[in-house]
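Trainee: Hello! Could we look at a protein together, one step at a time?

Mentor: Gladly. Here it is.

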Amino acid sequence: MPDNSPVISQSVGIPDEIAVAAVPEDPRVWVPQAPNVWFRPLMLNTVTGQWCNLLKVTASGIVSRHRHPGAVFGYVIEGRWHYYEHDWVAEAGHFVYEPPGEIHTLAVPEDCDHMVTFFNITGAMVYVDENGAQTGYEDVFTKIEMARAHYASVGLDGYLEPFIR
């Protein structure tokens, strides 16, 4: 009996997959973002405006007050953090979903000296002050610029390219 199943061929021109250790052994891979704050790029999608990274904070206190125009997904790997605007604390092993449009203030609690969280972000981070006035922003393109400049300064030229889509 003939097999009439449709044949699905391999797509041409698709980017390579990414399969790397998320937490790097080489400390130079962490890109400085602010005092006591670093990120480790995992995927930077210039087509959809999405980026996936690890965020590492090595001190307690406020990290940033910001708003996202798109949804954010997070998974806490180490430590704890919270938003001043909510009564929950995200701890190691916790999943976090942030709906678009909310302004929140990310902070590491006083009794915690670090956190590492995986974030999947689409759109931007719009930084705001306590009155809601914009003070800065990040998107996939500014993340690429920050990472390229950092990697060039620490002898890792070209390191970022496999993570850009």
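Trainee: Which residue in the hairpin of β1 and β2 takes a positive phi?

Mentor: Good place to begin, and please keep in mind that this is a predicted model. The hairpin of β1 and β2 has two residues between its strands. A positive phi appears there although the residue concerned is not a glycine. With a phi near 65°, the residue you want is Asn-36.

Trainee: How do strand β1 and strand β2 pair, and over how many bridges?

Mentor: Strand β1 covers residues 31-34, while strand β2 covers residues 37-45. One bridge links Ala-34 to Val-37 in β2. The two strands run in the antiparallel sense, and their bridges number three.

Trainee: Is Asn-36 buried, exposed or partly exposed?

Mentor: Start with where Asn-36 is: in the loop between β1 and β2. To count as buried, a residue needs a relative accessible area under 20%, and to count as exposed, over 50%. Asn-36 has 37% relative accessibility, so the word for it is partly exposed.

Trainee: What about Lys-143: buried or exposed?

Mentor: Lys-143 belongs to helix α1, which spans residues 140-153. Beyond its neighbours within four places in sequence, Lys-143 touches Gln-33, Phe-39, Leu-44, Trp-51, Asn-53 and Glu-138. Its relative accessible area is 2%, and the cut-off is under 20%, so Lys-143 is buried.

Trainee: How many helices and strands are in the protein chain?

Mentor: Let's read along the sequence: the pattern is β-β-β-β-β-β-β-β-β-β-β-α. The strands come before the helix in that pattern. Your count is therefore one helix and eleven strands.

Trainee: How much of residues 28-116 is strand?

Mentor: That stretch carries the annotation "domain: ChrR-like cupin" in UniProt, from an unreviewed entry. Its end C-alpha atoms are 16 Å apart. Helix makes up 0% of the stretch, and strand makes up 62%.

Trainee: What share of the contacts with a separation of 6 or more joins residues 24 or more positions apart?

Mentor: For the setting, the protein chain has 165 residues, of which 39% count as buried. Its C-alpha trace spans about 70 × 40 × 30 Å along the principal axes. Among contacts with a separation of 6 or more, the share from residues 24 or more positions apart is 63%.

Trainee: How far apart are the mean positions of the positive and negative charges?

Mentor: The protein chain holds 9 positive and 21 negative charges. Each set has its own mean position, and the distance between the two is 4 Å.

Definitions and conventions:
Residues are numbered from 1 along each chain as its sequence is written. This is a predicted model: local features need pLDDT of at least 70, side-chain atom pairs count only at pLDDT 80 or more; totals for chains, interfaces and linings use all residues. Side-chain values use heavy atoms; hydrogens and water are left out. Helices (H or I, at least four residues) and strands (E, at least two) are DSSP runs, numbered from the N terminus. Buried means under 20% relative accessible area, exposed over 50%, partly exposed in between (1.4 Å probe, protein chains only). Contact means heavy atoms within 4.5 Å. Lys and Arg count as positive and Asp and Glu as negative; His and the chain ends are not counted. The place of a charge is taken as NZ of Lys, CZ of Arg, CG of Asp or CD of Glu. Two strands pair if DSSP finds at least two bridges between them. UniProt positions are given in the numbering used here, feature names are shortened, and annotations may be inferred rather than shown by experiment.
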